[in-house]
Each structure stands twice: as C-alpha cells, then as structure tokens.
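Here's a quick briefing to read alongside the model. Have the viewer open and follow along topic by topic.

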Amino acid sequence: MQIYDTIIIGSGPAAYTASIYLRDANYNVLVLEGFNAGGYPPGGQLTSTSSITNYPGVLHCSGQELMDVMRTQSTKLSSQNEMETVCKINYTNNNLHEVITEDNTYYTYSIIIATGASAKKLDFVGSDKFWNNGISSCAICDGHNPRFKNSNVVVIGGGNTAIEYASYLSKLAKYVFIIVRKNNFRTNTYNTQNILKLSNVSVLYNKTVIKADGNSWIENITLNDNTIIQTAGVFYAIGHIPNTDFIKNSELYNDILTDGYIDLSLLHNIRPKGVFVAGDVIYGAKKQACIAAGSGANAALDAITFLETK
Ligand SMILES: Cc1cc2nc3c(=O)[nH]c(=O)nc-3n(C[C@H](O)[C@H](O)[C@H](O)COP(=O)(O)OP(=O)(O)OC[C@H]3O[C@@H](n4cnc5c(N)ncnc54)[C@H](O)[C@@H]3O)c2cc1C
C-alpha cells in the first residue's frame, strides 16, 4: 500500500502553492484536483476570469494563463496530480488519513484541504453572455476597469459584501446602484449608513434583474418592474458556497465547520492530527488569489513541521 506524506485536496492557488513547497522539501505529495468540483476545472475560480492585474509579479494575464503556469510548476519534478474529486475522509487505526474519491482510496500521514468556495451566480437572460464582459462576482478584482470611470455600475446583494463593493466602486465609477431583492439590507452597521449617504450611491429595494443587453460588453439591465438601467458593469455580491460537502460526510472531521467553512480555531476539536487548511475555504478568509497562495505556503510549512516531528 502506497502511503503519501501529504495529500492536497483542491487545485486553486492555495493547493498548487502548497504542493510546490512540499515538493521542493522533497516530500511525497499527491494533489487531488477535483473533476469540475464546485463548478470549476483544475485551476479553480481564477479560470473564470479573463484579466488578472493584482497578482504580484504578473503584470497582466488571464486567470487561465496564471493557473496553467502554477499547475505546471506544481506537476513539474515530482508531485503527482489526479483529476479526482474527494467524497470522504476517514482515519484508520494505524493513524493514517484515508482519502476516498469516486474511483480510488489513498492513504497519507497528513492532508491539506484547499477546496475553495464557489461564488454564487444569478441566472437571467444574458447572464451567461455577459459573464466576464461586464458581469463579475469580484469588485475588488474587476472594478478598476477604465470603462467604469464615466459609467454607472450595479451591485446586486443586500449584505456586507454588497456594501463593501459599493464603497469600493463609488471611488472608481460615476454612479453605483445597489439592487436589493428584499425591502431592507441584512446589515445595518455605521459603515452601511455612511455608504448609503454617498452622493453617487443609491439603493433600489424589492428589485431583481431579469435581463442584460448590449453588444459584446454589457450596456444595460432590465429590472422586474421593467425599469432599464444603463450600466457598464454588474457585480454579484450574493455570497459563496464553500466546497466542504466531503467534510460534512466525514464524521471524524466535521467538527471544524462554521457556516460550512473550515474554522481554524476548531481544528484542535478533532482527533485526527495532521490536518491543514488553506485558501478561500477558511472561515473568514479574504478571498483573493495571492492571499490563498500565501496561505497554501503556510499550510505546507505547518505540514512539514508536523511530518518532521512524526
Ligand atoms: C470571477 C472571479 C474573478 C476573480 N478575480 C481575482 C483577481 O483578479 N485577483 C485575485 O486575487 N483574486 C480573484 N478572484 C478570487 C480568487 O479566484 C480566489 O480567491 C482564489 O482562487 C482562491 O483560491 P483557492 O485555492 O482557495 O480556491 P479555488 O480557486 O476556489 O480552487 C479550489 C479548487 O478545489 C477544487 N475542489 C473543490 N472541491 C473538491 C473536492 N472535493 N475534491 C477535489 N478538489 C476539489 C475545485 O474544483 C477548485 O478547482 C476572483 C474570483 C472570481 C470568481
């Protein structure tokens, strides 16, 4: 039976960075990349964006290009990568983690969970056509587009993220409309009140988007009351779904979840030791690629310390 030093579950910046560190330290690593797990191919969420400008060391490239390089760096030399989705983990009597995919069962001394979180999307006429052509789920990543400087943009959502996005975009776009499905916000902090008082931000309550129109780039949206808003950008701020179903199925491990995310403060609750976590799947993580990569390096270094003391 082959026993890996570490099995890394996931295939975004966090997983690939962790694998690079472990491989360079000469450990025997298996990366289980998933097969369209959470709706993403190997490479993770970044594969769905055409433009990255805030990853240090990279002036400008598509998300797919950046992740192709990371994947090559991960697989080069020794780490073994398989496109399999993990369904469950067990802990055996001889202190090994048993990692189960649809096709195989693997054994390891330690695991790094880096399965990310999938941004929720909406489904209306034109939502697919204008994804990446005006529609995005990340204002921090895509809000700097010069098109927005003299245009309206729209944020959809009624929580803290919508407020955060509106605040960020109010400095980059001419005018920000926030579309809220209900008749109130789910947040009412001092910050919320301040953002809503800005002269270039207004809220439309009890509204949903039914259609987006334009040529190659979005130009307007139609709301459920048939109002048409001219806009060069639409930002979803409607939350993420953490990819942790396999942990919910794994009874010895599932005490580490808060709101479906892995809560680092709860890791000591579980008996299996040698469990490390990286990236967007962490409860409270700021969802950015370089933060995920840094946390992958951190998890790998913790795993190395664990393997050395074993
Ligand atoms: C449209 C968009 C644009 C963005 N633009 C930027 C940007 O410009 N700059 C920036 O810094 N950040 C950007 N982000 C955020 C960035 O993509 C994330 O913060 C980052 O990808 C998180 O990395 P991760 O490694 O934690 O997880 P992810 O990228 O989510 O990758 C996780 C991977 O794990 C796999 N997986 C899930 N479940 C399993 C399982 N059970 N078994 C095996 N594999 C599994 C998934 O298929 C996925 O490939 C953007 C996000 C989106 C959605």
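The expected span of a helix is 1.5 Å times one less than its number of residues. Put that to work on α2 (residues 63-75): its 13 residues should cover 18 Å, and the end C-alpha atoms are indeed 18 Å apart, so the two agree. Keep in mind that this is a predicted model. The chain splits into domain 1 (3-118 + 240-309) and domain 2 (121-236), and there's a ligand to look at too, with 42 residues around it.

**Domains and ligand**

- The C-alpha centres of domain 1 and domain 2 are 32 Å apart.
- Where does the ligand lie relative to domain 1 and domain 2? Both domains give residues to the shell around the ligand, so it lies between them.
- Of the 42 residues surrounding the ligand, the closest are Gly 12, Gly 34, Gly 44, Gly 116 and Gly 279.
- Two elements, α1 (13-24) and α7 (289-309), are the ones that give two or more residues to that shell.
- By residue class, the shell around the ligand comes out as 21 nonpolar, 18 polar and three charged.

**Gly 279, one of the closest to the ligand**

- You'll find Gly 279 in the loop between β19 (275-277) and α7.
- Gly 279 is buried, because 32 other C-beta atoms sit within 10 Å and the cut-off for buried is 20 or more.
- Skipping its neighbours within four places in sequence, Gly 279 has contacts that include Gly 12, Pro 13, Ala 14, Ala 114 and Gly 116. Also in contact with Gly 279 are Ala 285, Ala 292, Ser 295 and Gly 296.
- For a long-range distance, try Gly 279 to Asn 150: they are 129 residues apart along the chain, and their C-alpha atoms are separated by 35 Å.

**Helix α1**

- The same length check works here: the 12 residues of α1 should span 16 Å, and the end C-alpha atoms are 17 Å apart, which agrees.
- Is α1 largely enclosed or largely open? With 10 of its 12 residues buried, α1 is largely enclosed by the rest of the structure.
- The buried set in α1 is Pro 13, Ala 14, Ala 15, Tyr 16, Thr 17, Ala 18, Ser 19, Ile 20, Leu 22 and Arg 23.
- Those buried residues of α1 pack against β1 (3-9), β2 (29-32), α2, β6 (105-113) and α7.

**Helix α2**

- In α2, the buried residues are Gly 63, Met 67, Met 70 and Ser 74.
- Looking down the axis of α2, these buried residues fall within an arc of 60 degrees, so they line one face of the helix.
- As background, an α-helix has 3.6 residues a turn, so residues three or four places apart point the same way.
- On the other side of α2, Val 69 and Thr 72 are exposed.
- The cover over the buried residues of α2 includes α1, β2 and β3 (80-82).

**Helix α4, in detail**

- Helix α4 (residues 160-170) has Thr 161, Ala 162, Ile 163, Tyr 165, Ala 166 and Leu 169 buried.
- What covers the buried residues of α4 includes the helices α3 (139-142) and α5 (190-196). Strands β9 (152-156), β10 (175-179), β11 (201-204) and β15 (233-236) are also among that cover.

**Positive phi at two asparagines**

- Most residues other than glycine have a negative phi.
- Asn 26 goes the other way, with a positive phi of about 75 degrees. It's in the loop between α1 and β2.
- Asn 26 counts as exposed, because it has 11 C-beta neighbours inside 10 Å.
- Asn 206 also has a positive phi, about 55 degrees, although it is not a glycine. Its place is the loop between β11 and β12 (209-214).
- With 13 C-beta neighbours inside 10 Å, Asn 206 counts as partly exposed.

**Lys 121**

- Lys 121 sits in the loop between β7 (117-119) and β8 (135-136).
- Lys 121 is partly exposed, because it has 14 other C-beta atoms within 10 Å.
- Its contacts, leaving aside neighbours within four places in sequence, are Ser 137 and Tyr 236.
- From Lys 121 to Pro 13 the C-alpha separation is 21 Å, with the two 108 residues apart along the chain.

Conventions:
Residues numbered from 1 in each chain as written. Predicted model: local features only at pLDDT ≥ 70, side-chain atom pairs only at ≥ 80, totals over all residues. Near = placed C-beta within 6 Å. Helix = DSSP H or I, 4+ residues; strand = E, 2+ residues; numbered from the N terminus. Nonpolar A, V, L, I, M, F, W, Y, C, P; charged D, E, K, R; others polar. Domains from an automatic or database assignment. Arc of directions from axis to C-beta. Contact = placed C-beta atoms within 7 Å.
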